[in-house]
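Me: I've got a structure open and want to check a few labels against their cut-offs. Can you walk me through the reasoning?

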Amino acid sequence: MKMALAWCSWLFLSAWMLNIAAAEISITPEPAQPAEGDNVTLVVHGLSGELLAYNWYAGPTLSLTFLVASYIVSTGDETPGPAHTGREAVRPDGSLAIRGALPGHTGTYIIQTLNRQFQTEVGYGHVQVYEILAPPTVMANDTALVERRDTLRLVCSSPSPAEVRWFFNGDALPVAVRLGLSPDGRMLTRHGIRREEAGTYQCEVWNPVSVSRSEPLNLTVYFGPERVAILQDSTTRTGCTIKVDFNTSLTLWCVSRSCPEPEYVWAFNGKALKNGQDHLNISSMTVAHEGTYTCIAKNSKTLLSGSASVVVKLSAAVVAMMIVPVPTKPTEGQDVTLTVQGYPKDLLVYAWYRGPASEPNRLLSQLPSGNWIAGPAHTGREVGFANCSLLVQKLNLTDAGRYTLKTVTLQGKTDTLEVELQVAPLE
């Protein structure tokens, strides 16, 4: 009873009775860097003499508010204090055991001893209980941005105050990008985002006992179109003149650097074509296909566009006019087209004749207006076209023979060309 009363007196009067020797007593945690859930022992070093009792405090001062427990050495009696969490126990050697320590046990601890001369000493120590970290989350103001226009803001969200590291495409964040980190490392800001910064971002929280990384967040950076070009057989032809043999095919490809892939619009001599593809095909080159071809690339995300043009012309060696029957060997009852290849670009008028070029033999003529009129030899089965070609419908055997085409250019140049048509009888 006397010992208990003496202990109580010591407890409340210790603040002014201290004979402080803090440098002699020290406290170290075992393990030194405990994780939450570990059993931790605060080991006391430097105890001397015959001791009567211990007081343990979890706080910065010897205040009753921070008292964890009082312990009587002779009886082994332990009295919990206001700061006792139910996990602490004082051992006979003065150490304090914490069962299943929590991050809340982090802080300063003080041990106060009482010897038989009723002198007190104190010792100080600190313990840091590290939590097992849950994966953080990367949050973004947007995951699809326009290059040089938009700002990227990423936040590493975690309830833990642990240190933060960032990763880009699985590797440590480049130095240039790290310059955009906030002082606590939890926010990454990039003004005028660049295409090189598109990819996956992750953040990682860590402490000495635990590491946890977020799921990847994918960032898309829209740019372009730029460097729009027209290719022929993988060769850039932008700004060039492409010469193509008569009646051969030509494919033009439009390419550009753009994200996302742009929309393509083709134009011929300034007029839009019904073609939304990245390529344009001319299956059979004629004079009608000569001109300027333009590809326009449009990016719906950046709202930017770019274009490229080429000039396509017939090869000079094959511009000479010729007539080719299609089909080449028609049968009685079929239609045949006397196709004119290489007709004059500056054509004024033309006329077709059945036989020599004389008025009685004239089948039809095309006027400068583009309309054609029937001649004396017209049977009602002949049709003329703007490219000088002549269609003869429902052939009979008497349609076989010579046909003559006469052309006149704007410069007054006259050309005459003949073809022999053969009609095979029905079997």
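Me: Why is D150 called buried?

Reply: This is a predicted model, and in it D150 has a relative accessibility of 17%. Buried means under 20%, so D150 makes the cut.

Me: And what makes R149 exposed?

Reply: R149 comes in at 52% relative accessibility. The bar for exposed is over 50%, so R149 gets that label.

Me: Why is the contact of R149 and D150 called a salt bridge?

Reply: Their side chains meet at 3.3 Å, N to O. The limit is within 4 Å, from a Lys or Arg nitrogen to an Asp or Glu carboxyl oxygen, so this pair qualifies. A search of the whole structure turns up 10 salt bridges.

Me: What makes R195 and E226 a salt bridge?

Reply: Same kind of check: the N to O distance is 2.8 Å, and the cut-off is within 4 Å, so R195 and E226 count as well. R195 sits in the loop between β15 (187-190) and β16 (199-207), while E226 is in strand β18 (residues 217-232), so the pair ties together parts 31 residues apart in sequence. Salt bridges with shared partners also join E147, R195 and E226 into one network.

Me: Which label does each of the two get, R195 and E226?

Reply: R195 has a relative accessible area of 18%, under the 20% limit, so R195 is buried. E226 has 26%, which falls between 20% and 50%, so E226 is partly exposed.

Me: How do you know that R381 and D399 form a salt bridge?

Reply: Their side chains meet at 2.9 Å, N to O, and the limit is within 4 Å, so they pass. R381 lies in the loop between β31 and β32 (382-384), D399 in the loop between β33 (390-392) and β34, 18 residues apart. R381 is at 18% relative accessibility and D399 at 6%; buried means under 20%, so both are buried.

Me: What makes β31 and β35 edge strands?

Reply: The sheet is open, with five strands in the order β31-β30-β29-β34-β35 and antiparallel pairing. β31 (372-374) and β35 (414-421) each have a single partner strand, so one side of each has no neighbour in the sheet. From one strand to the next the twist averages 15 degrees.

Me: How do you know that β34 and β35 pair?

Reply: Eight bridges join β34 (residues 401-409) to β35, and pairing takes at least two, so they pair. They run antiparallel, with G401 opposite L421 in β35.

Definitions and conventions:
Residues are numbered from 1 along each chain as its sequence is written. This is a predicted model: local features need pLDDT of at least 70, side-chain atom pairs count only at pLDDT 80 or more; totals for chains, interfaces and linings use all residues. Side-chain values use heavy atoms; hydrogens and water are left out. Helices (H or I, at least four residues) and strands (E, at least two) are DSSP runs, numbered from the N terminus. Axes are lines fitted to C-alpha atoms, for helices over the stretch in contact, and angles run from 0 to 180 degrees between N-to-C directions. Buried means under 20% relative accessible area, exposed over 50%, partly exposed in between (1.4 Å probe, protein chains only).
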